[in-house]
Amino acid sequence: MDTLTTLLLVLALFSLLCYRLISYYYRLECNAVVPTEWPVLGHLVALIGNLHRFHDWVTIGLAAVSRNSEFHGGLTGVRYIATCDPANVRHIFTSNVANYPKGDHFAEIFDVLGGGIVNADGDSWRRQRTKIQMVLTGPRFRAFAARCSRDKVEKSLLPFLADVAADAGRPCDLQDVFLRMLGVGPERKMAAACKTIDGFVAKVISQRRRVDDIKLNDDSADDLLSSFLCHENASSDEFLRDTAVTLLLAGRDTTAAALSWFFYLLSENPRVEQRLLHELSLVISSQKGRTTNITTAGGFVTFDASELGNLVYLHAALCECLRLYPPVPIEHKSAVADDVLPSGREDGKKLRYEPSYKFIAFNAGPRTCLGKELAFVQMKTAAAAVLWNFAVEVVPATSSSLSCLSYFT
């Protein structure tokens with residue numbers, strides 16, 4: 001055997017040994033509760049190995065290390081401190097909020113949102129929040145949002161689910177259903193998705209601009225975009241685009257994700273489903289013999305937001321769903337300066353208040369989500385209608401598809 005052959009054989013054996021070692025330690029990292037910090041690579045190996053279950057991995061890891069952990073990105077040079085300690089959350093989001101803006105890194109990750117309120121900091125954020133808050137808290141917009149939610153449930157959601165239920169053997173991905181607003185199907189590549197979103201938003205802005213003399217006291221100004229056309233920056237299409245995309249994604253995707261988990265949890269907890277149906281039946285019974293806010297469309301029952309607002313168990317069930325599976329499970333902040341972090345429903349008759357730093361599904365502190373009440377209106381309207389008219393079950397062997405096996409007439 002000549003020298004070259006021997007060298008190649010040794011190299012092959014060495015490569016095989018390295019591959020075996022890397023595979024072995026990679027599997028260890030994928031199953032490790034506390035990740036190993038490797039020289040040069042930091043925690044990057046564990047991160048890559050757990051991307052498919054990132055949120056579960058972070059949750060399990062934080063529980064194992066008393067709610068706080070530090071991550072190193074190795075060659076990337078990125079360092080994170082992850083925490084789920086309520087005292088730390090309160091400190092970051094409320095007590096010392098000025099030291100924790102979203103920062104440039106967050107804006108780079110979510111560049112699709114441009115200069116919208118989610119990415120904005122400082123004066124830009126304050127101006128946008130004031131404007132949005134003024135619109136969202138107005139009675140005209142609340143009525144407009146409730147009407148739109150009910151129309152969407154009546155004319156789109158229930159008829160579609162009825163068609164699925166008629167074909168009892170066909171499974172249905174409810175998350176895909178709840179995410180259909182644009183009517184363009186799932187975009188799998190970011191570039192294509194951004195192009196689709198920009199085209200849709202540009203079309204809507206153009207239509208709104210053709211409306212002459214938009215005023216806040218006109219019916220045409222009930223929606224957010226029309227209200228922003230009266231803003232001092234209305235001449236900038238870029239400003240309107242960023243605002244529209246931010247509000248579209250913040251109000252649509254989060255609600256869709258929450259509703260998807262809500263029906264998944266109900267399919268796993270029939271006792272809760274029965275209590276919710278009982279609560280809805282009381283609403284229907286109370287309306288008999290007088291003018292009702294409950295209407296039927298195509299044989300289906302829908303509910304008005306004013307009736308659903310008083311349902312304690314429905315509200316509590318949605319809150320519990322948001323606690324277990326928050327649509328925005330991780331909040332990203334960048335520290336301006338060095339800092340030291342501080343390290344129920346008893347009788348079912350009333351809701352128990354929990355401070356926002358303990359129930360952070362809608363953020364906390366000055367950046368508390370402005371669309372919180374609107375999200376509950378949308379979720380309650382859709383949840384009540386689907387819950388009353390359909391029986392939703394999980395398809396065996398998969399947790400991502402839910403099937404409407406039957407509907408009630």
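Leaving aside its neighbours within four places in sequence, which residues is His315 in contact with? Keep that one in mind while we get our bearings; we'll come back to it soon.

What you're looking at is a predicted model, so let's begin with how confident the predictor was. The average pLDDT over the protein is 79, and 81% of the residues score at least 70. Helix α14 comes out best, with a mean of 93, while strand β6, residues 402-407, sits at the bottom with a mean of 47. Right at that end, residues 403-409 have a pLDDT below 50, although the stretch still has 31 contacts in the model beyond near neighbours in sequence. Treat those contacts with care: where pLDDT is low, the predicted coordinates should not be read in detail.

Now for the overall picture. The protein has 15 helices and six strands. It is made of 409 residues, and 38% of them count as buried. About 23600 Å² is exposed, with carbon and sulfur atoms supplying 58% of that area.

Let's go inside. In soluble globular proteins, nonpolar side chains tend to be buried together. Here, the largest nonpolar core has 50 residues, and Phe262, Phe263 and Leu276 are the ones with the most contacts inside it. Quite a list of elements gives two or more residues to this core, including α7 (139-166), α11 (237-268), α12 (270-287), α14 (312-324) and strand β4 (300-302). Helix α15 supplies the largest share, at nine residues. Apart from this core lies another one, of 22 residues, and among them are Trp125, Ile197, Leu224 and Leu229.

Time to pick up the opening question. His315 belongs to helix α14, the element where confidence is highest. With a relative accessible area of 17%, His315 falls under the 20% cut-off, so it counts as buried. And its contacts? Outside its neighbours within four places in sequence, His315 touches Leu351, Phe376 and Lys380. You can also look from His315 towards Leu276: they are 39 residues apart along the chain, and their C-alpha atoms are separated by 9.9 Å. Leu276, remember, is one of the residues with the most contacts inside the largest core.

Next, have a look at helix α3, residues 54-64, where Trp57, Val58, Gly61 and Leu62 are buried. Why do these four end up on the same side of α3? They cover an arc of only 125° around the axis, and that puts them on one side together. There is a general pattern to help you see it: an α-helix has 3.6 residues a turn, so residues three or four places apart point the same way. Turn to the other side of α3 and you'll find Thr59 and Ala63 exposed. The cover over the buried residues includes α2 (44-49) and the strands β1 (68-72) and β2 (79-83). After α3 comes Ser66, with a positive phi near 60°.

That phi is worth a pause. Most residues other than glycine have a negative phi. Asn363 is another residue to check here: it is not a glycine, yet its phi is positive, at about 70°. You'll find Asn363 in the loop between α14 and α15. Asn363 counts as buried because its relative accessibility is 9%.

Another asparagine, Asn88, sits in helix α4, residues 86-95. Is Asn88 buried or exposed? Its relative accessibility is 1%, so Asn88 counts as buried. Its side chain makes a polar contact of 3.1 Å with the side chain of Thr83. Not counting residues up to four places away in sequence, Asn88 touches Asn68, Thr83, Leu341, Pro342 and Ser343.

Two last stops. Asp173 is in the loop between α7 and α8, and with a relative accessibility of 32% it counts as partly exposed. Its side chain reaches the backbone nitrogen of Gln175 at 3.1 Å. Asp173 and Ser260 are 87 residues apart in sequence, but 8.8 Å apart in space, C-alpha to C-alpha. Finally, there's Cys194 in helix α9, residues 190-209. Cys194 has a relative accessibility of 19%, and so it counts as buried. From Cys194 to Leu113 the sequence separation is 81 residues, and the C-alpha atoms are 9.8 Å apart.

Key. Residues are numbered from 1 along each chain as its sequence is written. This is a predicted model: local features need pLDDT of at least 70, side-chain atom pairs count only at pLDDT 80 or more; totals for chains, interfaces and linings use all residues. Side-chain values use heavy atoms; hydrogens and water are left out. Buried means under 20% relative accessible area, exposed over 50%, partly exposed in between (1.4 Å probe, protein chains only). A polar contact is a pair of N or O atoms within 3.5 Å; within protein, one must be able to donate a hydrogen and the other to accept it, and residues adjacent in sequence count only if both atoms are side-chain atoms. Contact means heavy atoms within 4.5 Å. Accessible areas come from the Shrake-Rupley method with a 1.4 Å probe; for residues, only the protein chains shown count as cover. A nonpolar core is a set of buried Ala, Val, Leu, Ile, Met, Phe, Trp, Tyr and Cys residues joined through side-chain atoms within 4.5 Å. The arc is that of the directions from the helix axis to the C-beta atoms. pLDDT is the predictor's confidence in each residue, from 0 to 100.
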